[in-house]
Amino acid sequence: MQNRASDTHPATDQPPTITVLIVDDHVLLREGVRAVISAHEDVEVISEAGSGGEAIVAYTEVKPDIVLMDLQLPDMTGVEAISQIRLKDPDAKIIVLTTYTGDGRAIKALRAGASGYLLKASLRNELLNAIRSVFHGGKHLDAAIASDIALHVLDEPLSDREVEVLSLAAWGNSNKQIARKLDIAEETVKGYMKIIFSKLGATDRTHAVTIAAKRGLIEL
């Protein structure tokens, strides 16, 4: 296995510098993260990427200790980028840095291999602690996200088919249109919707879509 950048530093009394790759398609956000990190001697930004594809290439080239990953990228989702990086290096340490709240998105990212999930609103207060914690083998969840996950931990999750049905409903498709698109009976769609309402505690389609979107269970 290849050594990481920080593993190649000569032995000194100082702790190793934690190297970071920032992945976000907004230049100003990357500059802001770099500014926060630059004030600390034990952490260094060594590369940046504006897309998932660039992130995968950059990771392979510089092997950072930590990747800061946005979820919304122009060519793929952050979750897909996390999965591909972890496929190349199962030891990759990745922290999601996003504006998206909701337990659904966080769980997807954690299942893909992320070690942390931080909201951009908490960047100045929590970023360095998150980087250091994950670097040393820990996990870091934004408090609001941790609360959302705990709130729904006992809920029965939506199946892939139920997510598919609700996503189509969110785009304005009727039960008949959903049935046609999925090549299933309209009564089957109605059955799925009843189960979805029950699982989400929703009273109607609009309510179900609102709840699922807020939790990150579907994308609008």
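In which loop is K63 found? In this predicted model, K63 sits in the loop between α2 (52-62) and β3 (66-69). The phi angle of K63 is near 45°. That value is positive, in a residue other than glycine. K63 is nevertheless buried, with a relative accessible area of 16%. It counts as buried because 16% falls under the 20% cut-off.

D183 also has a positive phi without being glycine, here near 60°. D183 belongs to the loop between α8 (175-182) and α9. With a relative accessible area of 71%, D183 is exposed. The value lies over 50%, so the label follows directly. A further positive phi, of about 125°, is taken by G113. G113 comes just after α4.

The overall architecture can be summarised briefly. The protein contains 10 helices and six strands. Its C-alpha trace spans about 70 × 30 × 30 Å along the principal axes. The chain has 220 residues, and 47% of them count as buried. Among contacts with a separation of 6 or more, 63% join residues 24 or more positions apart. The accessible surface of the protein amounts to about 11600 Å². Carbon and sulfur atoms own 52% of that surface. The protein carries 24 positive and 31 negative charges. The mean positions of these two sets are 7 Å apart.

Helix α4 (103-112) was examined next. Its buried residues are D103, G104, R105, A106, A109 and A112. The cover over these residues is built from several elements. Among the helices that contribute are α3, α6 and α10 (205-215). Strands β4 (94-98) and β5 (116-119) also form part of the cover.

The largest pocket draws on α4 as well. It encloses about 770 Å³ of space. Its lining comprises 28 residues. Those nearest the centre are G104, R105, K108, R111 and L217. Five helices, α3, α4, α6 (143-152), α7 (160-170) and α9 (186-200), each supply at least two lining residues. The top contributor is α4, which gives six residues to the lining. Two of the residues nearest the pocket centre, G104 and R105, also appear among the buried residues of α4.

Helix α3 (residues 78-88) holds I85. I85 is buried, with a relative accessible area of 1%. That figure is under 20%, which means that I85 meets the criterion for burial. Neighbours within four places in sequence aside, I85 is in contact with A55, I56, Y59, M69, A92 and I94. Several of these partners can be placed. A55, I56 and Y59 fall within the range of α2 (52-62). M69 falls at the end of β3 (66-69). I94 opens β4 (94-98). A112 stands 27 residues from I85 along the chain. The C-alpha atoms of I85 and A112 are separated by 9.8 Å.

Helix α6 contains I149. I149 is buried, with a relative accessible area of 19%. The value is under 20%, so I149 is assigned to the buried class. Sequence neighbours up to four places away are again left out. On that basis I149 touches D103, A106, I107, L110 and L141. D103, A106, I107 and L110 fall within the range of α4 (103-112). D103 and A106 are also listed among the buried residues of that helix. I149 and V33 are 116 residues apart in sequence. Their C-alpha atoms are 26 Å apart in space.

The region around α5 (123-135) shows both buried and exposed positions. S122 lies in the loop between β5 and α5. S122 is buried, with a relative accessible area of 15%. Because 15% is under 20%, S122 is classed as buried. Its contacts beyond four places in sequence are L127 and D142. N125 lies in helix α5 itself. N125 is exposed, with a relative accessible area of 66%. This value is over 50%, so N125 takes the exposed label. N125 and G137 are 12 residues apart in sequence. In space they are 20 Å apart, C-alpha to C-alpha.

How values were computed. Residues are numbered from 1 along each chain as its sequence is written. This is a predicted model: local features need pLDDT of at least 70, side-chain atom pairs count only at pLDDT 80 or more; totals for chains, interfaces and linings use all residues. Side-chain values use heavy atoms; hydrogens and water are left out. Helices (H or I, at least four residues) and strands (E, at least two) are DSSP runs, numbered from the N terminus. Buried means under 20% relative accessible area, exposed over 50%, partly exposed in between (1.4 Å probe, protein chains only). Contact means heavy atoms within 4.5 Å. Accessible areas come from the Shrake-Rupley method with a 1.4 Å probe; for residues, only the protein chains shown count as cover. Lys and Arg count as positive and Asp and Glu as negative; His and the chain ends are not counted. The place of a charge is taken as NZ of Lys, CZ of Arg, CG of Asp or CD of Glu. On a 1 Å grid over the protein atoms alone, a cavity is a set of points where a 1.4 Å probe fits but cannot get out, and a pocket is an open set with protein on both sides within 12 Å along at least five of seven lines; lining residues have an atom within 4 Å of a point. Grid points are joined across faces, edges and corners, and a volume is the space filled by probe spheres set on the points.
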